[in-house]
Amino acid sequence: MIFFQISIFAQDMNDAFNLSNSVLQLLHGYSGQFGSVSTGFFIAKADVVWLYNTYDNEIGLNQIILDCTIDIPT
């Protein structure tokens with residue numbers, strides 16, 4: 001299994017929510033070929049969870065963090 005996080009930044013919170021929702025809808029529960037046949041790999045299942053959203057004062061952007069788990073069979 002591979003664990004990672006996706007950080008989405010946007011000036012407008014609605015844009016951050018829409019992009020995060022798109023990633024969540026497209027990747028969560030996905031199973032199949034990821035990438036091309038010659039350079040990609042097979043995913044048994046992908047899970048994406050909305051971890052939290054915040055505003056980063058230092059860079060002045062809204063931020064949404066998604067937690068991801070990908071199961072790659074060996």
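How many helices and strands does the secondary structure of the chain come to? Look at the whole chain: the count is 1 helix and 5 strands. What you have open is a predicted model.

**Stop 1: the whole chain**

Color by secondary structure and start at the N terminus. The elements run β-α-β-β-β-β from there. Now show C-alpha atoms alone. They fill a box of roughly 45 × 20 × 20 Å along the principal axes. The chain has a radius of gyration of 14 Å, while a compact globule of 74 residues would have one near 11 Å.

Switch on the surface. The chain exposes about 5000 Å², and carbon and sulfur atoms supply 54% of that area. Buried residues make up 23% of the 74 residues. Take the contacts in the chain with a separation of 6 or more: residues 24 or more positions apart account for 53% of them.

**Stop 2: the sheet**

Select residues 2–10, 45–56 and 61–71. The first range is strand 1 and the second is strand 4; the third is strand 5. These 3 strands form an open sheet in the order 1-5-4, with antiparallel pairing. Strand 1 and strand 4 stand at the edges, and each has a single partner strand, so one side of each is left without a neighbour in the sheet. Neighbouring strands of the sheet are turned by 20 degrees against each other on average, direction ignored.

**Stop 3: strand 1 beside strand 5**

Keep strand 1 and strand 5 on screen. They pair in the antiparallel sense over 9 bridges. Pick Ser7 and look across: Ile65 in strand 5 stands opposite. Move to Ile8. Its opposite residue in strand 5 is Ile64. As you step along, keep a general pattern in mind: side chains in a regular strand alternate between the two faces of the sheet.

**Stop 4: strand 4 beside strand 5**

Now swap strand 1 for strand 4. Here 11 bridges join strand 4 to strand 5, and the two run antiparallel. Select Thr54, and you will find Gln63 of strand 5 opposite. Follow the chain round the turn. Strand 4 and strand 5 form a hairpin with 4 residues between them. Click Gly60 in that turn, which has a positive phi of about 70 degrees.

**Stop 5: the helix**

Select residues 13–27. This is helix 1, and it lies across strand 1, strand 4 and strand 5. Compare directions: the helix runs at about 170 degrees to strand 4.

Then show the side chain of Leu24. Beyond its neighbours within four places in sequence, Leu24 is in contact with Val48, Val49 and Trp50.

**Stop 6: the nonpolar core**

Which residues make up the largest nonpolar core? Select Ile8, Ala10, Ala16, Leu24, Leu27, Ile43, Ala46, Val48, Ile64, Leu66, Cys68 and Ile70, 12 residues in all. Strand 1, helix 1, strand 4 and strand 5 are the elements that give two or more residues to this core. The largest share, 4 residues, comes from strand 5.

**Stop 7: Asn53**

Go to strand 4 and pick Asn53. Is Asn53 buried or partly exposed? Its relative accessible area is 38%, so Asn53 counts as partly exposed. Leaving aside neighbours within four places in sequence, Asn53 is in contact with Met13, Phe17, Gln63 and Ile64. Then draw a line from Asn53 to Ile2. Their C-alpha atoms are 22 Å apart, and the two residues are 51 apart in sequence.

**Stop 8: Lys45 and Ala44**

Stay on strand 4 and click Lys45. Lys45 is partly exposed because its relative accessibility is 44%, and the band for that class lies between 20% and 50%. Setting aside neighbours within four places in sequence, the contacts of Lys45 are Tyr30, Ser31, Thr69, Ile70 and Asp71. Phe9 is 36 residues from Lys45 along the chain, with 26 Å between their C-alpha atoms.

Step back to Ala44, in the loop between strand 3 (41–43) and strand 4. Ala44 has a relative accessible area of 31%, so Ala44 too is partly exposed. Not counting residues up to four places away in sequence, Ala44 touches Tyr30, Ser31, Asp71 and Pro73. Finish with Met1. Ala44 and Met1 are 43 residues apart in sequence and 9.9 Å apart in space, C-alpha to C-alpha.

Definitions and conventions
Residues are numbered from 1 along each chain as its sequence is written. This is a predicted model: local features need pLDDT of at least 70, side-chain atom pairs count only at pLDDT 80 or more; totals for chains, interfaces and linings use all residues. Side-chain values use heavy atoms; hydrogens and water are left out. Two strands pair if DSSP finds at least two bridges between them. Axes are lines fitted to C-alpha atoms, for helices over the stretch in contact, and angles run from 0 to 180 degrees between N-to-C directions. Contact means heavy atoms within 4.5 Å. The radius of gyration is taken over C-alpha atoms; the globule rule is 2.2 Å times the number of residues to the power 0.38. Buried means under 20% relative accessible area, exposed over 50%, partly exposed in between (1.4 Å probe, protein chains only). Accessible areas come from the Shrake-Rupley method with a 1.4 Å probe; for residues, only the protein chains shown count as cover. A nonpolar core is a set of buried Ala, Val, Leu, Ile, Met, Phe, Trp, Tyr and Cys residues joined through side-chain atoms within 4.5 Å.
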